[in-house]
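Me: Please take a close look at the ligand site of this model. I would like a connected account of its surroundings, followed by the pockets and any unusual backbone geometry.

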Amino acid sequence: MAVRIDILTLFPEMFDVFNHSIIGRAKDNDILNVNTFDIRDYTKDKHRKVDDYPYGGGAGMVMAAQPVADCIRKVKEENKGKVIYLGPRGKTFNQEMAKELSLETELIFLCGHYEGIDERIYKHIDMEISLGDFVLTGGEMACIPIVDSILRLVPGVLSSSESFTEESFYNGVLEYPQYTRPAVYEGDPVPEVLVSGHHENVRKWRRGKSLSITREKRPDLFEKLELSKEDMELLKNIEV
Ligand SMILES: C[S@@+](CC[C@H](N)C(=O)[O-])C[C@H]1O[C@@H](n2cnc3c(N)ncnc32)[C@H](O)[C@@H]1O
């Protein structure tokens, strides 16, 4: 059964991005079912308005409760997944959350716009996720990378040659350096171990590099690692 993601937005055309590349291929292969719902189609306003002035005054407009709540109700008739609102007050997204959400078979994402949503919509929301401590113009800008990082973890979306298990963050470390042909580029050779054909040495070199790069670039991640005896040995012998 395909994993189903429904995205509620005022700008469905922005999600054309999911018709391309790896996610597009997985949709064509019926591994993923990604749909958009135009919140404007649910407004009862005769001018198709979906926003209004904030009570109490202040800048900007607020997305009104009625069209958003009615759109959520409609989508929930078919999709029993969590309703996730993309918003700056939410928990900051990371790979751990991507892994957890990739185990769900149905999810609903709600994208805010303008100054955000009427607070009364929160009773329809199960979870709020933020892309980071900055403000975006709309939830779509956060939804695209978040949904992409979740969907690429769904079994069958990546081919075995595109596996994610050695990628940055998957095991709490950053990825090791990668090289491709030619073996020497502008006088700069690839590390000898990588052309040695010695798989165990390649594995150790990569692990050592991952650890030392993580220590240098992301000490916060490095502190959380439980280093094995081999890891400590590799770190002693490797330069970044
Ligand atoms: C201009 S923002 C509203 C910001 C809001 N007035 C505030 O100060 O918190 C419009 C929409 O973008 C989305 N958004 C903005 N920043 C975000 C972030 N860091 N993560 C996820 N979504 C975000 C939310 O859906 C929000 O409703």
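Reply: Helices (H or I, at least four residues) and strands (E, at least two) are DSSP runs, numbered from the N terminus. The model is predicted: local features need pLDDT of at least 70 and side-chain atom pairs pLDDT 80 or more, whereas totals for chains, interfaces and linings use all residues. Residues are numbered from 1 along each chain as its sequence is written, and side-chain values use heavy atoms, without hydrogens and water.

The ligand has 20 residues around it (a heavy atom within 4 Å). Those that come nearest are Tyr85, Leu86, Glu115, Leu131 and Phe134. By class, this shell holds 10 nonpolar residues (Ala, Val, Leu, Ile, Met, Phe, Trp, Tyr, Cys and Pro), 1 charged residue (from Asp, Glu, Lys and Arg) and 9 polar ones (the others, Gly among them).

Polar backbone atoms of the protein approach the ligand in several places, each as a polar contact (N or O atoms within 3.5 Å). A nitrogen atom of the ligand lies 3.0 Å from such an atom of leucine 136. For glycine 112, the partner is a ligand oxygen, at 3.1 Å. Glycine 139 likewise has a polar backbone atom 3.3 Å from an oxygen of the ligand. On its own, the ligand has 580 Å² of accessible area (Shrake-Rupley, 1.4 Å probe), and the protein covers 83% of it.

Three elements, β5 (82–92), β7 (127–130) and α4 (139–151), each give two or more residues to the shell around the ligand. Among the elements, β5 gives the most, with 4 residues.

The ligand sits in the second largest pocket (more than half of its atoms within 2 Å of the pocket's grid points). A pocket is an open set of points on a 1 Å grid over the protein atoms alone, where a 1.4 Å probe fits, with protein on both sides within 12 Å along at least five of seven lines; lining residues have an atom within 4 Å of a point. The volume of this second largest pocket is about 430 Å³ (the space filled by probe spheres set on points joined across faces, edges and corners). Its lining comprises 26 residues, and Tyr85, Gly87, Pro88, Glu115 and Gly116 are the closest to its centre. Here too β5, β7 and α4 give two or more residues to the lining, and β5 gives the most, with 5. The lining of the second largest pocket divides into 13 nonpolar, 9 polar and 4 charged residues.

The largest pocket holds about 510 Å³ of space. It is lined by 21 residues, of which Asn94, Gln95, Glu96, Phe169 and Leu221 lie nearest its centre. At least two residues of this lining come from each of α3 (95–101), α4 and α6 (219–223), with α4 giving the most, 3 residues. The lining of the largest pocket contains 10 nonpolar, 5 polar and 6 charged residues.

Two points of backbone geometry complete the account. Arginine 181 and proline 182 are joined by a cis peptide bond, with omega about 5 degrees; proline 182 belongs to the loop between α4 and β8 (184–185). Arginine 48, although not a glycine, has a positive phi of about 60 degrees, and its place is in the loop between β2 (32–38) and β3 (51–52).

Technical notes: Polar contact = N/O pair within 3.5 Å; in protein donor to acceptor, adjacent residues only side chain to side chain.
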